[in-house]
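Hi there,

Here is the structure I promised to send over. Have a look at it first, and my notes on what turned up follow underneath.

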Amino acid sequence: MSTAIRTILLKEEIIINTNFDIVLFDLDGTLTDPKEGITKSIQYSLKSFGIEEDRENLVKFIGPPLYDTFKSDYGFDDEKVIKAVEKFREYFKEKGLYENKIYPGIEALIRELHVNGKKIVLATSKPTVFAEKILHNFSIYKYFDNIVGSNLDGTRSDKEEVIRFAIKDYLEFDKTSIVMVGDRKYDIIGANKIGINSIGVLYGYGALDEIKDSKPNYVAESVDKLINILF
(Lines give C-alpha, C1' and ligand atoms only; values in the text may rest on other atoms or scores of the structure.)
Protein backbone atom coordinates (compact mmCIF):
# COMPACT_ATOMS: atom_id res chain seq x y z
CA MET A 1 0.00 0.00 0.00
CA SER A 2 1.37 3.41 -0.97
CA THR A 3 2.51 5.96 1.60
CA ALA A 4 -0.21 8.40 0.50
CA ILE A 5 -3.01 5.89 1.06
CA ARG A 6 -1.50 4.61 4.31
CA THR A 7 -1.26 8.17 5.67
CA ILE A 8 -4.94 8.78 4.95
CA LEU A 9 -5.98 5.54 6.63
CA LEU A 10 -3.98 6.33 9.75
CA LYS A 11 -5.98 9.55 10.10
CA GLU A 12 -9.34 7.77 9.87
CA GLU A 13 -11.14 5.23 11.98
CA ILE A 14 -11.50 2.01 9.98
CA ILE A 15 -15.15 1.55 9.08
CA ILE A 16 -15.28 -1.99 7.77
CA ASN A 17 -13.19 -4.48 5.80
CA THR A 18 -15.21 -4.43 2.58
CA ASN A 19 -12.78 -6.32 0.32
CA PHE A 20 -14.52 -5.54 -2.98
CA ASP A 21 -13.07 -7.22 -6.08
CA ILE A 22 -14.78 -5.01 -8.67
CA VAL A 23 -15.22 -1.26 -8.20
CA LEU A 24 -17.48 0.68 -10.56
CA PHE A 25 -17.06 4.45 -10.63
CA ASP A 26 -19.36 7.16 -11.87
CA LEU A 27 -17.42 9.95 -13.60
CA ASP A 28 -18.96 13.40 -13.15
CA GLY A 29 -19.00 14.44 -9.50
CA THR A 30 -17.23 11.26 -8.42
CA LEU A 31 -13.85 11.16 -10.16
CA THR A 32 -13.86 14.65 -11.64
CA ASP A 33 -15.55 18.00 -11.10
CA PRO A 34 -17.06 18.85 -14.52
CA LYS A 35 -19.04 21.92 -13.44
CA GLU A 36 -17.33 24.52 -15.64
CA GLY A 37 -17.39 22.47 -18.84
CA ILE A 38 -20.91 21.11 -18.51
CA THR A 39 -22.56 24.37 -17.48
CA LYS A 40 -20.81 26.30 -20.26
CA SER A 41 -21.86 23.66 -22.79
CA ILE A 42 -25.50 23.81 -21.62
CA GLN A 43 -25.40 27.60 -21.64
CA TYR A 44 -24.12 27.49 -25.22
CA SER A 45 -26.87 25.05 -26.22
CA LEU A 46 -29.71 27.00 -24.62
CA LYS A 47 -28.49 30.25 -26.14
CA SER A 48 -29.04 28.76 -29.58
CA PHE A 49 -32.75 28.57 -28.65
CA GLY A 50 -32.79 32.13 -27.36
CA ILE A 51 -32.67 31.05 -23.71
CA GLU A 52 -30.25 32.88 -21.42
CA GLU A 53 -29.33 31.08 -18.18
CA ASP A 54 -26.86 31.76 -15.39
CA ARG A 55 -24.38 28.88 -15.14
CA GLU A 56 -25.21 28.32 -11.47
CA ASN A 57 -28.75 27.39 -12.51
CA LEU A 58 -27.39 24.69 -14.82
CA VAL A 59 -25.67 22.52 -12.21
CA LYS A 60 -28.82 20.36 -12.30
CA PHE A 61 -27.55 18.94 -15.59
CA ILE A 62 -24.63 17.22 -13.85
CA GLY A 63 -25.57 13.58 -13.28
CA PRO A 64 -28.81 12.70 -15.07
CA PRO A 65 -28.95 12.08 -18.84
CA LEU A 66 -29.04 15.33 -20.84
CA TYR A 67 -32.14 14.21 -22.73
CA ASP A 68 -34.11 13.89 -19.49
CA THR A 69 -33.18 17.33 -18.10
CA PHE A 70 -33.85 19.19 -21.35
CA LYS A 71 -37.31 17.60 -21.40
CA SER A 72 -38.23 17.97 -17.74
CA ASP A 73 -36.83 21.45 -17.10
CA TYR A 74 -37.36 23.17 -20.45
CA GLY A 75 -40.28 21.23 -21.92
CA PHE A 76 -38.38 20.35 -25.10
CA ASP A 77 -40.02 17.75 -27.35
CA ASP A 78 -37.98 14.90 -28.82
CA GLU A 79 -36.94 16.84 -31.93
CA LYS A 80 -35.86 19.86 -29.93
CA VAL A 81 -33.98 17.69 -27.41
CA ILE A 82 -31.93 16.12 -30.21
CA LYS A 83 -30.97 19.58 -31.49
CA ALA A 84 -30.17 20.78 -27.95
CA VAL A 85 -27.86 17.81 -27.33
CA GLU A 86 -26.17 18.40 -30.69
CA LYS A 87 -25.46 22.01 -29.72
CA PHE A 88 -24.22 20.90 -26.30
CA ARG A 89 -21.74 18.51 -27.91
CA GLU A 90 -20.63 21.16 -30.39
CA TYR A 91 -19.08 23.09 -27.50
CA PHE A 92 -18.32 20.17 -25.22
CA LYS A 93 -16.17 18.13 -27.60
CA GLU A 94 -13.95 21.12 -28.40
CA LYS A 95 -13.71 22.86 -25.02
CA GLY A 96 -16.10 21.60 -22.36
CA LEU A 97 -14.63 18.18 -21.70
CA TYR A 98 -11.27 19.81 -20.91
CA GLU A 99 -12.83 22.39 -18.56
CA ASN A 100 -12.74 19.79 -15.84
CA LYS A 101 -10.78 18.97 -12.68
CA ILE A 102 -9.89 15.64 -11.08
CA TYR A 103 -10.68 15.57 -7.36
CA PRO A 104 -7.61 15.54 -5.07
CA GLY A 105 -6.76 12.01 -3.97
CA ILE A 106 -8.65 10.26 -6.78
CA GLU A 107 -5.61 9.43 -8.90
CA ALA A 108 -3.85 7.85 -5.88
CA LEU A 109 -6.99 5.86 -5.04
CA ILE A 110 -7.42 4.53 -8.60
CA ARG A 111 -3.75 3.63 -8.82
CA GLU A 112 -3.82 1.82 -5.47
CA LEU A 113 -6.88 -0.24 -6.45
CA HIS A 114 -5.07 -1.23 -9.65
CA VAL A 115 -1.89 -2.19 -7.79
CA ASN A 116 -3.95 -4.35 -5.45
CA GLY A 117 -5.43 -6.29 -8.36
CA LYS A 118 -8.96 -4.86 -8.21
CA LYS A 119 -11.07 -4.65 -11.36
CA ILE A 120 -11.81 -0.97 -12.00
CA VAL A 121 -14.74 -0.09 -14.27
CA LEU A 122 -16.14 3.27 -15.31
CA ALA A 123 -19.95 3.33 -15.39
CA THR A 124 -21.23 6.70 -16.58
CA SER A 125 -24.24 8.12 -18.38
CA LYS A 126 -21.84 10.29 -20.39
CA PRO A 127 -21.15 9.00 -23.93
CA THR A 128 -18.29 6.51 -23.86
CA VAL A 129 -16.25 8.43 -26.44
CA PHE A 130 -16.19 11.54 -24.22
CA ALA A 131 -15.56 9.56 -21.03
CA GLU A 132 -12.50 7.92 -22.60
CA LYS A 133 -11.06 11.31 -23.62
CA ILE A 134 -11.52 12.66 -20.09
CA LEU A 135 -9.75 9.68 -18.51
CA HIS A 136 -6.92 10.07 -21.01
CA ASN A 137 -6.72 13.80 -20.23
CA PHE A 138 -6.10 13.02 -16.55
CA SER A 139 -3.75 10.10 -17.35
CA ILE A 140 -5.86 7.52 -15.47
CA TYR A 141 -7.27 5.64 -18.47
CA LYS A 142 -4.60 2.95 -18.11
CA TYR A 143 -5.94 1.86 -14.71
CA PHE A 144 -9.42 0.94 -15.98
CA ASP A 145 -10.35 -2.60 -17.01
CA ASN A 146 -13.50 -1.43 -18.78
CA ILE A 147 -15.17 1.85 -19.68
CA VAL A 148 -18.92 1.85 -20.14
CA GLY A 149 -20.97 4.91 -21.00
CA SER A 150 -24.02 5.81 -23.03
CA ASN A 151 -24.25 5.75 -26.81
CA LEU A 152 -24.20 8.96 -28.84
CA ASP A 153 -27.80 8.36 -29.94
CA GLY A 154 -28.93 8.61 -26.31
CA THR A 155 -29.47 4.91 -25.74
CA ARG A 156 -28.05 3.16 -22.67
CA SER A 157 -28.12 6.40 -20.68
CA ASP A 158 -30.20 5.06 -17.78
CA LYS A 159 -27.83 4.21 -14.95
CA GLU A 160 -29.31 0.78 -14.31
CA GLU A 161 -28.66 -0.10 -17.98
CA VAL A 162 -25.11 1.23 -17.76
CA ILE A 163 -24.31 -0.74 -14.60
CA ARG A 164 -25.88 -3.93 -15.93
CA PHE A 165 -23.81 -3.68 -19.11
CA ALA A 166 -20.68 -2.84 -17.10
CA ILE A 167 -20.84 -6.02 -15.00
CA LYS A 168 -21.85 -8.46 -17.74
CA ASP A 169 -18.25 -9.67 -18.09
CA TYR A 170 -18.00 -10.35 -14.35
CA LEU A 171 -20.96 -12.64 -13.81
CA GLU A 172 -18.69 -15.29 -12.24
CA PHE A 173 -18.14 -12.92 -9.30
CA ASP A 174 -20.51 -12.87 -6.36
CA LYS A 175 -22.54 -9.64 -6.40
CA THR A 176 -21.43 -8.90 -2.84
CA SER A 177 -17.90 -8.38 -4.20
CA ILE A 178 -19.04 -5.62 -6.59
CA VAL A 179 -19.62 -1.99 -5.58
CA MET A 180 -20.86 1.11 -7.42
CA VAL A 181 -19.43 4.48 -6.34
CA GLY A 182 -21.38 7.59 -7.30
CA ASP A 183 -22.52 11.04 -6.21
CA ARG A 184 -26.16 11.00 -7.34
CA LYS A 185 -29.24 8.96 -6.53
CA TYR A 186 -29.21 7.45 -10.04
CA ASP A 187 -25.98 5.60 -9.21
CA ILE A 188 -27.35 4.21 -5.95
CA ILE A 189 -30.81 3.32 -7.28
CA GLY A 190 -29.27 1.57 -10.29
CA ALA A 191 -26.98 -0.47 -8.06
CA ASN A 192 -29.84 -1.38 -5.72
CA LYS A 193 -32.00 -2.61 -8.61
CA ILE A 194 -29.24 -4.90 -9.81
CA GLY A 195 -28.36 -6.13 -6.33
CA ILE A 196 -24.80 -4.89 -5.92
CA ASN A 197 -23.30 -2.74 -3.16
CA SER A 198 -23.15 1.03 -3.43
CA ILE A 199 -21.23 3.93 -1.94
CA GLY A 200 -22.76 7.39 -2.11
CA VAL A 201 -20.19 10.19 -2.07
CA LEU A 202 -21.04 13.65 -0.75
CA TYR A 203 -18.20 15.71 -2.23
CA GLY A 204 -19.90 15.75 -5.66
CA TYR A 205 -23.32 17.07 -6.70
CA GLY A 206 -25.77 14.93 -4.75
CA ALA A 207 -27.22 16.44 -1.58
CA LEU A 208 -27.09 14.50 1.68
CA ASP A 209 -30.85 13.84 1.67
CA GLU A 210 -30.76 12.66 -1.95
CA ILE A 211 -27.98 10.19 -1.21
CA LYS A 212 -29.40 8.87 2.06
CA ASP A 213 -32.94 8.55 0.69
CA SER A 214 -31.64 6.34 -2.13
CA LYS A 215 -30.29 3.90 0.52
CA PRO A 216 -26.61 3.26 -0.30
CA ASN A 217 -24.69 0.63 1.67
CA TYR A 218 -22.08 3.23 2.62
CA VAL A 219 -21.74 7.02 2.58
CA ALA A 220 -18.42 8.79 2.05
CA GLU A 221 -18.29 12.47 2.95
CA SER A 222 -14.89 12.92 1.30
CA VAL A 223 -12.33 11.15 -0.88
CA ASP A 224 -10.47 10.24 2.34
CA LYS A 225 -13.59 8.49 3.64
CA LEU A 226 -14.04 6.72 0.30
CA ILE A 227 -10.48 5.41 0.54
CA ASN A 228 -11.25 4.28 4.08
CA ILE A 229 -14.26 2.26 2.91
CA LEU A 230 -12.54 0.66 -0.09
CA PHE A 231 -9.45 -0.34 1.83
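Y186 sits in helix 8, which runs over residues 185-194. Please keep in mind for this residue and everything below that the model is predicted. With a relative accessible area of 31%, Y186 is partly exposed, since that value falls between the 20% limit for buried and the 50% limit for exposed. Setting aside neighbours within four places in sequence, Y186 is in contact with P64 and K159. If you want to see how distant parts of the chain come together here, look at Y186 and P65: they are 121 residues apart along the chain, yet their C-alpha atoms are separated by 10.0 Å.

Y186 also brings us to the cavities. How many cavities of 30 Å³ or more does the structure hold? There are two.

The second largest has a volume of about 50 Å³. Y186 helps to line this cavity, together with D26, G63, S125, K159, D183, R184 and D187. Sorted by class, that lining has five charged residues, two polar and one nonpolar. K159 therefore turns up twice in this story, as a contact of Y186 and as a lining residue of the second largest cavity, where a residue needs an atom within 4 Å of a cavity point to count as lining.

The largest cavity encloses about 280 Å³ of space. Its lining is made up of 23 residues, and P64, L66, S125, K126 and P127 are the ones nearest its centre. Which elements supply at least two residues each to this lining? They are helix 3 (66-74), helix 4 (78-92) and strand 4 (119-127). Strand 4 gives the largest share, with four residues. By class, the lining of the largest cavity divides into eleven nonpolar, seven polar and five charged residues. You may like to select S125 in your viewer, as it is among the residues nearest the centre of the largest cavity and also lines the second largest one.

K126, another of the residues nearest the centre of the largest cavity, leads on to D28. The side chains of D28 and K126 make a polar contact at 3.0 Å. D28 is placed in the loop between strand 1 (22-25) and strand 2 (32-33). Is D28 buried or exposed? It counts as buried, because its relative accessibility is 9%, and the limit for buried is under 20%. Apart from neighbours within four places in sequence, D28 is in contact with P34, I38, I62, K126 and D183. D183 is also one of the residues that line the second largest cavity.

Next comes I167, in the loop between helix 7 (159-166) and strand 6 (178-182). I167 is buried, at a relative accessible area of 6%. Not counting residues up to four places away in sequence, I167 touches L24, I178, I194 and I196. For I167 and I194, which are 27 residues apart along the chain, the separation between C-alpha atoms is 9.9 Å.

Two residues are worth a look for their backbone angles. S139 has a phi near 60 degrees, a positive value in a residue other than glycine. S139 is found in the loop between helix 6 (128-137) and strand 5 (146-150), and is partly exposed at a relative accessible area of 44%. R156 also has a positive phi without being a glycine, with a value near 55 degrees. R156 belongs to the loop between strand 5 and helix 7, and at a relative accessible area of 17% this residue is buried.

Finally, the chain as a whole. The secondary structure comes to ten helices and eight strands. The radius of gyration is 17 Å, close to the 17 Å that the globule rule gives for 231 residues, so the chain is as compact as a globular protein of that length. Along the principal axes, the C-alpha atoms fill a box of roughly 55 × 35 × 30 Å. Buried residues make up 51% of the 231 residues. Among contacts with a separation of 6 or more, 65% are between residues 24 or more positions apart.

Happy viewing, and best wishes!

Technical notes: Residues are numbered from 1 along each chain as its sequence is written. This is a predicted model: local features need pLDDT of at least 70, side-chain atom pairs count only at pLDDT 80 or more; totals for chains, interfaces and linings use all residues. Side-chain values use heavy atoms; hydrogens and water are left out. Buried means under 20% relative accessible area, exposed over 50%, partly exposed in between (1.4 Å probe, protein chains only). A polar contact is a pair of N or O atoms within 3.5 Å; within protein, one must be able to donate a hydrogen and the other to accept it, and residues adjacent in sequence count only if both atoms are side-chain atoms. Contact means heavy atoms within 4.5 Å. On a 1 Å grid over the protein atoms alone, a cavity is a set of points where a 1.4 Å probe fits but cannot get out, and a pocket is an open set with protein on both sides within 12 Å along at least five of seven lines; lining residues have an atom within 4 Å of a point. Grid points are joined across faces, edges and corners, and a volume is the space filled by probe spheres set on the points. Ala, Val, Leu, Ile, Met, Phe, Trp, Tyr, Cys and Pro count as nonpolar, Asp, Glu, Lys and Arg as charged, and the others, Gly among them, as polar. The radius of gyration is taken over C-alpha atoms; the globule rule is 2.2 Å times the number of residues to the power 0.38.
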